[in-house]
Amino acid sequence: MRICRRRVARRQRWYPSARQTRVTERFRAASLTGVPATHSPAGPDEADPAELPGGETTDAAARSDLPTAPAGAPLPAVDWDALPEAVRWRLADIAAVAVAGIPSSDMPAAVRPVARFAPAKRARRGGPLLLAGLRDSTTFRTAVIEWARTHRPEVLDLTAPDMASAAAAAVLLGAPDAGERIAAVARRSSGAQLRTERDAALAKVDRLVEENQRLRRELDAATSAARRAGAAGDADADRLRTRLREQGIRLRQALDQADQLAAARDAELSEVRRTLAEVEAQRDRERDRAELASRRAERAVAEAETARQAVREARAADEVRLRLLVDTVAGAVSGLRHELALGEHAPSGGLRPADLVSGGSPLSKVSDQVADPATLDRLLALPMVHLVVDGYNVTKTGYPDLTLSDQRDRLTGQLAALAARTGAEITVVFDGAAVVAVPITTSRGVRVLFSDPGVLADDVIRALVAAEPRGRPVVVGTSDRAVAEAVRRCGAYPVSAAVLLARLSRS
């Protein structure tokens with residue numbers, strides 16, 4: 001009990017001095033920011049006369065006689081960053097309401113966006129900007145004061161009963177006693193906080209006293225129980241000593257026997273380890289031989305599979321070329337019959353050589369419209385004609401202002417409409433390096449290929465033309481001279497991008 005009382009006494013001696021130190025430090029901080037050090041900080045249980053309800057009106061009335069700086073004059077030395085929260089909020093609220101009636105020319109550039117906020121959000125979201133404008137801009141501060149005098153004179157009342165409102169008015173008007181008012185508001189806030197801390201500390205002391213008394217009662221009960229248990233423990237200790245001597249004799253006998261068994265175990269373990277080493281060596285040799293045989297078998301299987309794949313690809317390519325050549329001849333005959341009114345032209349379907357060319361992979365297809373000039377129409381009217389388009393060469397000629405994705409969409413849409421009108425097989429090739437997202441729309445009748453990494457679209461176009469059998473009409477839409485010359489040597493018809501675009505845009 002004496003220990004608990006000493007603790008309470010120490011806490012009571014420490015608390016006033018600690019609180020006095022905090023208040024003194026805050027008073028010094030307020031003085032360094034421009035507040036005159038004429039007021040001594042209040043003690044823990046004292047109240048500043050300016051803070052008492054009865055002295056509020058008298059002090060405010062006395063301050064109303066103090067000289068006030070003219071509107072627009074430089075503010076007294078007040079640390080705006082150290083303003084109490086209540087004062088900051090009232091200044092921000094005054095400026096937030098005033099900006100609705102102030103011309104934008106009187107506002108700093110940073111405050112003008114705040115004026116466009118909803119009235120309920122200006123002070124909350126634009127508070128820091130409004131305070132910075134009042135602090136840094138004499139024009140803005142003067143405009144806010146003039147607006148307040150006209151529309152809300154009560155916010156400029158230095159005799160307001162609310163100390164925070166009066167301090168905000170003093171700061172805004174540049175009153176000489178603004179620092180003292182701010183210090184008073186800070187002291188009131190600090191005093192309330194210290195009183196709260198004192199009450200919490202006293203409540204904690206009471207809880208500690210009650211806890212100490214409870215622990216003391218429990219300690220007395222535990223001491224009594226320990227004394228009773230001690231008497232019984234002495235008898236048990238004698239019995240345990242006797243049993244311990246007996247167990248020691250048995251333990252020594254067991255240890256001797258364990259030593260003998262350990263020696264025998266070590267000998268057996270050495271023999272097992274030697275045998276295990278021999279088995280592991282034999283297993284490693286067998287494993288090496290098995291891995292060597294497995295690698296040889298895998299290599300043989302891979303070589304056989306590669307040979308079979310090559311044979312299958314060659315056979316498939318030959319079959320596709322033969323079937324396409326037959327379809328071309330049949331289309332020519334059907335076209336001749338159609339010209340002679342002997343029957344209808346019906347081209348056959350199936351795989352085409354362009355579907356088997358490596359280096360280009362179909363990622364997606366796109367949609368929409370079109371038309372074309374007469375010269376290209378005659379080429380596209382040939383039976384089984386294949387139109388190959390150099391994608392970006394055409395799109396960057398026709399609509400370079402669009403993004404690459406929009407260029408692809410527009411071109412494939414126009415080619416789809418052309419395929420629907422002419423029945424021609426159409427393949428468009430784009431450089432795959434420029435594709436950052438896979439298109440998700442599709443266009444019927446148009447094969448869209450993107451060159452694989454490290455492969456140019458020009459090389460894919462040459463491969464497409466070279467894959468076609470001799471005799472099939474192939475038209476290549478490109479303005480690249482090297483590509484045009486290469487496909488011309490392979491028997492294809494090069495068509496410039498301008499002609500193809502003219503045909504596509506004539507709808």
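Select helix 5, residues 119–136, and colour its buried positions: Arg-122, Ala-123, Gly-126, Gly-127, Leu-130, Leu-131, Gly-133 and Leu-134. Buried here means under 20% relative accessible area, exposed means over 50%, and partly exposed lies in between, with a 1.4 Å probe and protein chains only. Helices (H or I, at least four residues) and strands (E, at least two) are DSSP runs, numbered from the N terminus. The model is predicted, so local features need pLDDT of at least 70 and side-chain atom pairs count only at pLDDT 80 or more, while totals for chains, interfaces and linings use all residues. Residues are numbered from 1 along each chain as its sequence is written, and side-chain values use heavy atoms, with hydrogens and water left out.

Remain on helix 5 and centre the view on Gly-126, where there is a kink of about 80°. The proline Pro-128 follows shortly after this point. The bend at a residue is the angle between axes fitted to the seven residues ending there and the seven starting there. Next, display the surroundings: the cover over the buried residues of helix 5 includes helix 3, helix 4 (112–115), helix 6 and helix 7 (163–173).

Now select helix 3 (residues 85–98) together with helix 6 (residues 138–151); their axes come within 10 Å and cross at roughly 80°. Helix 3 is therefore roughly perpendicular to helix 6. Axes are lines fitted to C-alpha atoms, for helices over the stretch in contact, and angles run from 0 to 180 degrees between N-to-C directions. Angles under 35 degrees count as roughly parallel, over 145 as roughly antiparallel, 65 to 115 as roughly perpendicular and the rest as oblique. Show side chains where Ile-94, Ala-95, Val-97 and Ala-98 of helix 3 meet Phe-140, Val-144 and Trp-147 of helix 6. This contact between helix 3 and helix 6 comprises 7 nonpolar residues, no polar and no charged ones. In this scheme Ala, Val, Leu, Ile, Met, Phe, Trp, Tyr, Cys and Pro are nonpolar, Asp, Glu, Lys and Arg are charged, and the others, Gly among them, are polar.

Move to Pro-108, in the loop between helix 3 and helix 4. Pro-108 is partly exposed, at a relative accessible area of 21%. Which residues does Pro-108 contact, leaving aside neighbours within four places in sequence? They are Gly-133, Ser-137 and Phe-140, where contact means heavy atoms within 4.5 Å. Pro-108 and Ser-137 are 29 residues apart in sequence, with 6.9 Å between their C-alpha atoms.

Go on to Leu-324 in helix 8 (residues 178–339). This residue, Leu-324, is buried, at a relative accessible area of 2%. Add Glu-468 to the selection: Leu-324 and Glu-468 are 144 residues apart in sequence and 8.6 Å apart in space, C-alpha to C-alpha.

The next stop is Met-384, in the loop between helix 9 (374–380) and strand 2 (386–390). Although not a glycine, Met-384 has a positive phi of about 60°. Met-384 is also buried, with a relative accessible area of 8%.

Then select helix 10 (residues 391–398) and helix 11 (residues 404–422), which pack at an angle of about 100° with their axes 10 Å apart. Helix 10 is thus roughly perpendicular to helix 11. Display Gly-391, Tyr-392, Val-394, Thr-395 and Lys-396 of helix 10 against Leu-404, Gln-407, Arg-408 and Leu-411 of helix 11, the residues that make the contact. By class, the contact of helix 10 with helix 11 has 4 nonpolar, 3 polar and 2 charged residues.

Finally, colour the protein chain by pLDDT, the predictor's confidence in each residue, from 0 to 100. The mean is 76, and 73% of residues reach 70 or more. Residues 341–348 fall below 50, and this stretch has 13 contacts in the model beyond near neighbours in sequence. Where pLDDT is low, the predicted coordinates should not be read in detail.
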